Every structure is written in C-alpha cells, then in structure tokens.
Amino acid sequence: MSLLRAKAPRSREKRLDTLGAWLGPVSAASTEFAGDEIAQRIRTFAQSSNDDLLYALRILAGIRDSVTIIHGPRGCAAAGLYHIAAGCNTRWFVTNLDERDTIMGADRKLRKSVVALYRRYHPAVVFIVGNPVIAINNDDIQSVVEELHEELELPIVPVYVTGFSSQNAVSGYDTALHSLLKYLSGNSATALKNERINLLSVAEHPQDRKDAQNLLKQLGIGLNVIPDDSTIDQFRLAVSARASIPLSPDAPEYLGAILDKKYGVPLINVLRPVGVEGTGRWLKSIATFLGNEEAAEELHEIKSAEIALQLGDFSLKGIKTYISLSSANAFSVLDLLEELGGEVAGLTITHLDRLHVGHLNELALRNPSLQIHVSDGQAFEEISILRKLAPDLYLGDATHLGQVARLGIPVVSLESLAIVGYSGVVRLARRIKTALANSSYGLSLAKVNSPYQDAWFRRSHNWHIKQEVK
Amino acid sequence: MSKKIGKHIAIYGKGGIGKSTTTSNISAALAESGYRVIQIGCDPKSDSTTILRGGNDLPTVLDTLREQSKVRIEDISAVGFGGVLCIEAGGPVPGVGCAGRGINAAVELLQELKIFEEFKPDFVLYDVLGDVVCGGFAVPIRDGLADRAFVVTSSDFMAIFAANNLFKAVNKYALSGGARLGGVIANSILAAYAPALIDDFAAKTGTQVIGYVPRSLVVAQSELYGKTVIESVPQSEQAQVYRKLAKYIDENEDSVIPKPLNSPELKKWAREWGDRIFEVETGVVHEMASI
C-alpha cells in the first residue's frame, strides 16, 4: 500500500514499539529493544497526560499562511489555548458542535466555517483537525474537503487526529505531518531536484532553529526550513530538495522518512546538534553528504576554540544532574553534560522506542545502571525518584519545575532556553552556573511541607507501571 | 498512490434479506471460476461466511483484538470453499460499545496486516449490514475501500426502504472518492409482481437490476448443511443464477450515482404499488381496460 494512502499513519506504538511508561536501568532497556517483541506497559494511575491533538496543532501552528479549524465541541479547542499560552501566533477556530450535530452529522457546519474563514482571511491553506467526537461518530470531513477544495480552489487538509488511537502524544506529530505530505506534496517521486537542503524542525525553540540555520549558512548551504515557521510553498518545495537534515531525530522522524522513501530525498540520520561534539558531528554529517567536510571541520575547530575560551574553567565535575526532557532532547543533553565533565544521575523521558536504540546501546556500555524513567506528565513518580537519588541539579521543561525546587534541588528550565549549536553550550553553562550558585531559594522552599505523603515515597517508583497482559 | 489489489465490492442489504447467502454464493462462484476471493463479513452478527466454511467456528477480528495484543492473519481468517479467504469483522458484546466503530477498527487492522498484499485477491467482497447506514457501516463505501456497491433487496417495502437509504449514502460519498452503485440484486423472488416492483424502484432511482434470485428450497437446504448452493448442488438452476451474478460482477464495470427517493416520494411510490398489487390480487377491472 502506498505510504500516504491511509487517512492517518499507524501509531508510534505500532510503528516503533513506543513505550509511554517504563522504569529500569538502561541496560534492561537496551536488552528489551534488542528483541523482536516489546511488551507494552500501562500506567494504572496517571496524574496528567498529553494528547496527540496538542502535538498535531503544534505542527500546524508552524505553517504561517494557514487557518486551522478544530472540528468538534468547544472543549476540544482547549488544546488550541495551550498554543496561545505558548506564544504561537496562529489563527485557529472551533466549529463548536452541539448535541444535534453529533447525532445528525456536522458537515454542513464545517462547510460553512471553511467558506466563512476563507472569505475573511484568504489563507493559503485550511486545516481541519479531528478529535475523539469526530472519530467516534465517523463524521464526514472528506466530502467537505473534496467539494470545497474545488469550489474555492484552495488546499484543504484534513488531519484525522482521534485522541485515542495512540497512548503516546508524539503520534500527533506524525498524524499532522502525514496529512501535510498527503495533501500538499503531490505524487511525483521524480520531481526535479533543487540544491536546497530541508532543515526539519518540529516544535523547536526559535533561537535553536536560528542558530542551526546560521551554522549551515556559514557552510554555504541553502536551506528550506519546514514545518516550523514555514509556508505551504516551502512545504511543497521539500519533495524536490537534495536532502533533509533533522534538528532532532525524534519529532520530525515521520517527515524525514516519507520524504526519503516516497520522494527520494535522502534523510541524514544524525543526533541533535547539542554540545560541542554533537554540533560538530551534525555539521560534518551534512558536509560529508555534500562533499564539503573540510569546511565543516574548519568551522568546528574555530567554534570549539571560541567556546573553550568562553567556558574558561567551567566544569560540572562532581555535579550529578537529573534530566527530564523529551526523549531525543534528553539524550543529547546527557552527552552535553558529560562533555562538561558532569555526571548524570538519571533520566525521565517522554517516550522510548526504536528510534532511541542507538543511544540505549551506547549508554548501556558506558553506564549500564543509569536509570531511565519514561513518563509524560507524571510528576508524582518523578518527585519520588528525585527524592531518593538526591541529584545536585535538575534540568527539565517548565511543567513541574516548582515541585522539584521544593525538594531543595537547584533547577534549570530548558523550556525557553536555546541549547542548540556552539552558543547553546555557553548559554546552558551560564544558566547552570547561576542555578548552582543560588541554591538558597530552593533550600528555603524545601522547608515547606511536601504535597505527597510519606506512604507514597515508601512505594517502589514503578508501583503504577505494569506490563500489559492480554 | 499504489494500485488497489483486486476488485473491491461492497454488498449491502437489510438484515435477514439473504445478503450473506447471496454474497457467499457469489464468492463461491467467483472462486469456482479460478479467482482468488476474500469475503469480509461486516456485521456484528458475524455469520456472513458461515456457509463458505461448512459452519465451522471462526474467531472474529474484534474478539481476537480484545484478547490478543498481536494479531496475525491466521488468527482471524479461515480458508473456505474454493479457497475463499473468510474473515468476520464481528462487533462489541451486544448492548455495549459501537458496532459501527467496530467495523472501522476491523478494517483498519486488515489494512495494517497487509492482508491484500499478502493474499493478492482478484476480488474482495464486503458483506455489510444495511439497516443502519451510520458512519461506521458506511466505511466500506466511503473511504475508498470498495469501488462498487451492490444492494440486495426483496420486494418487501422495508428492504426497499433500506436500499433507498443506502443509495443516499452512496450518493453522498461517491463524489468524494466513495464507491458508486453497481446495481440491485433482486432476491427471494416469489410473487409474480416482485420483479416488476424492484425494476420500477431501480428505474425511479436511476439504477438497474443485475439479477433476479428466485426463492428456492435448494438455498434453505444447502444452508442447513452449512454450504453454498454452488458447493452442495452445483448443477442446480439456482447455482446457475449465482454464477450469472458473479459473471456480471466480474465482467461488468458499470456503475452509477443513484438518485434516492425522498420520504414523500418513497411513500407515494409504495402506495401506488400497494394499489396495483391489490387490484391484481382482487381482479379489479378498470373502465375501458381491454380484457
């Protein structure tokens, strides 16, 4: 079957054996992923959980000349609010389905919304995003798409998010990317290639993207950045690029894989450009592909020397850090911390799958007992783990930084800190230095009573993580 | 986009109208002519392929999904008469869940298992319950799964009513890549007026009758033995009727977008036929009618 024929891609669990719940040493993870069958894990209790709709909207929010319609009851639009809060400047609407719509079908309402928004904004593309109500009702989006696409001469892209097909929100990236590719990229596998390189950037910090772009520009590489902060024309151009390089091997994986398999745009498989060595490896991988290794080598040497000068005698020697980030980000930050002389006490990552096998195997050799905790939003588990491990420093996104600080652990938020590229190393080092030097705030917070009872802390950390039995 | 493997045909009809019997006999006839056939029962009753399998048990796709995390093709299929690959989508436990979503999930699983790529069928027949054409039951005709749909109907008004409803669904989805209507299969023909009534309905809705299957004891008998007519009485006239239908489906690619009647039109049409049948039965002679 053609790669893009289905309405939506297979879930990450099915494609990559993705686990959303796991706890154990890295050696056990490595052994498990060496096998053919991965037993799914379930959480018998979850404090909070992300939804694939959120992740799909994150992709669509990157396409500047678009309008997004969340086709569902108004509560489903809460996912859109999240992106407003995150500062995304995107135009999105909700069809606000009522009880009658869910019984009689809501295609008329959807049609009216598309036409009205087209007249008001004249976007280059309209996205129609599904949700559980639409999926359960089998509501008809397709005929509205076909009909209005011709009538308005406008690309209308349905994104069939269900909210229940996958337990891992990261699948939402794939669902949105699948639709973008299916409806905007055409069928031609033999499109005339241009000299540009696709820089695949999904949900990246704008400064990270900018730094990566600048580095590639210094090597004289012409870029087409998708899908973050792009237009549909850029997306269309992607199929005729010379190659694709991802800013992360995780989030844009589906995009890179389809561009490679269906459109013959080679995907350069490389880890995040984080840390001096990581950035050098990233630059050299694309330069090697383009036959320009010397320039990359030269740039790397100059930049490494600059960074060494800026870092001075900064070292993380003797500092044990706990990392809690999205998976590919966490693994690359781990490398960076080790590069700075530090030690990693443990990891909490959002998901674990076959894309991470390389990291797992490498870590299993280097540090087999390192504990990996897989969780997206389970602060209660993480706090218990941190209390036991008592690291000297915590690096994470902003979601439960406050709670970690109350354990008296110095925290650094990577939510709004750009860490890609050479300059990212310095930025992170400065932030860490500040956090370690100002520990008294955390120590004061630690005097406040814990929101958790001792009984919870006495339980094993994987109390709620069970192997799925059928 | 890659080419679809085999011709995909959906056969709809009101429950109990003989749709599974007809579909199974068509599958058997196609298999007898040397074709590779898959028959997929899309009905929570999950008895579509019984007479192709000699009445043996076959776990449904949904039952298997409920019990196993990894499902293989062998777990949910059985090879029946003439090598027909039999699959039953099944449904949730009666009284809970959504049968329509069940069909959806089953079809998705079949695609995931790459069953068409593996089996390389010439024909895939979806046998779908036609009483309820909610979103789920419309899956085979709306998502580009089937190329053509056929409707099995008798001359009973409720069967015609269900057929008309199906026409509405085909009419809605055909423009956006859904299946078109191949025609009507008139089943359980007993009364003398039945063919004319179904012909008239087909004409009014812009479609055609592709075959008339008489009501026959042979069918009932074969079913009791858990067999298709093609298998149990291959020389019978009834078997010939099914072979003709299969031949039509094989050789004829004609399809239309039907024009379903709206509710008042359908009522008016039914009333007129009611009057006509009453007159025939009671022997009313109209003024000026030549005798």
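This is a short tour of a predicted model, going from the domains of chain A to its contact with chain B and then to one residue inside chain B.

**Stop 1: the domains of chain A**

Colour chain A by domain: domain 1 covers 52-162 + 166-184, domain 2 covers 197-301, and domain 3 covers 314-467. Domain 1 is thus written as two segments, while domain 2 and domain 3 are each one range. Place a centre on the C-alpha atoms of domain 1 and another on those of domain 3; the two centres of chain A lie 35 Å apart.

**Stop 2: A:Glu343**

Stay in chain A and select residues 343-349, which form strand E11 and include A:Glu343. Is A:Glu343 buried or exposed? It is partly exposed, because its relative accessible area is 43%, between the limits of 20% and 50%. Next, show what surrounds A:Glu343: beyond its neighbours within four places in sequence, it is in contact with A:Ile319, A:Lys320 and A:Thr321. For a view across the chain, draw a distance from the C-alpha atom of A:Glu343 to that of A:Leu177; it reads 37 Å, for two residues 166 apart along the chain.

**Stop 3: where chain B meets chain A**

Select the residues of each chain that touch the other. The selection should hold 23 residues from chain B and 21 residues from chain A. Together the two chains bury about 1900 Å², with 45% of that area on carbon and sulfur atoms.

Now zoom in on A:Lys14 and B:Glu112, whose side chains form a salt bridge with an N to O distance of 3.2 Å. The count of salt bridges between chain B and chain A is 3. Residue pairs in polar contact between these chains, with both residues at pLDDT 80 or more, number 6.

Which elements of chain B give two or more residues to the side that touches chain A? They are helix H2 (61-67), helix H4 (99-112), helix H6 (139-142) and helix H7 (157-174). H4(B) gives the most, with 4 residues. Colouring this side of chain B by class shows 11 charged, 8 polar and 4 nonpolar residues.

**Stop 4: B:Asp200**

Finally, move along chain B to helix H8, residues 194-204, and pick B:Asp200. B:Asp200 counts as buried because its relative accessibility is 18%, under the 20% limit. Show the side chains around B:Asp200: leaving out residues up to four places away in sequence, it touches B:Trp269 and B:Trp273. With B:Trp273 the side chain of B:Asp200 also makes a polar contact of 2.8 Å.

How values were computed. Residues are numbered from 1 along each chain as its sequence is written. Chains are lettered from A and ligands numbered from 1 in the order in which they are written. This is a predicted model: local features need pLDDT of at least 70, side-chain atom pairs count only at pLDDT 80 or more; totals for chains, interfaces and linings use all residues. Side-chain values use heavy atoms; hydrogens and water are left out. Buried means under 20% relative accessible area, exposed over 50%, partly exposed in between (1.4 Å probe, protein chains only). Contact means heavy atoms within 4.5 Å. Domain bounds come from an automatic or database domain assignment. Buried area is the accessible area (1.4 Å probe) that two parts lose on being put together, summed over both. A salt bridge is a side-chain nitrogen of Lys or Arg within 4 Å of a carboxyl oxygen of Asp or Glu. A polar contact is a pair of N or O atoms within 3.5 Å; within protein, one must be able to donate a hydrogen and the other to accept it, and residues adjacent in sequence count only if both atoms are side-chain atoms. Ala, Val, Leu, Ile, Met, Phe, Trp, Tyr, Cys and Pro count as nonpolar, Asp, Glu, Lys and Arg as charged, and the others, Gly among them, as polar.
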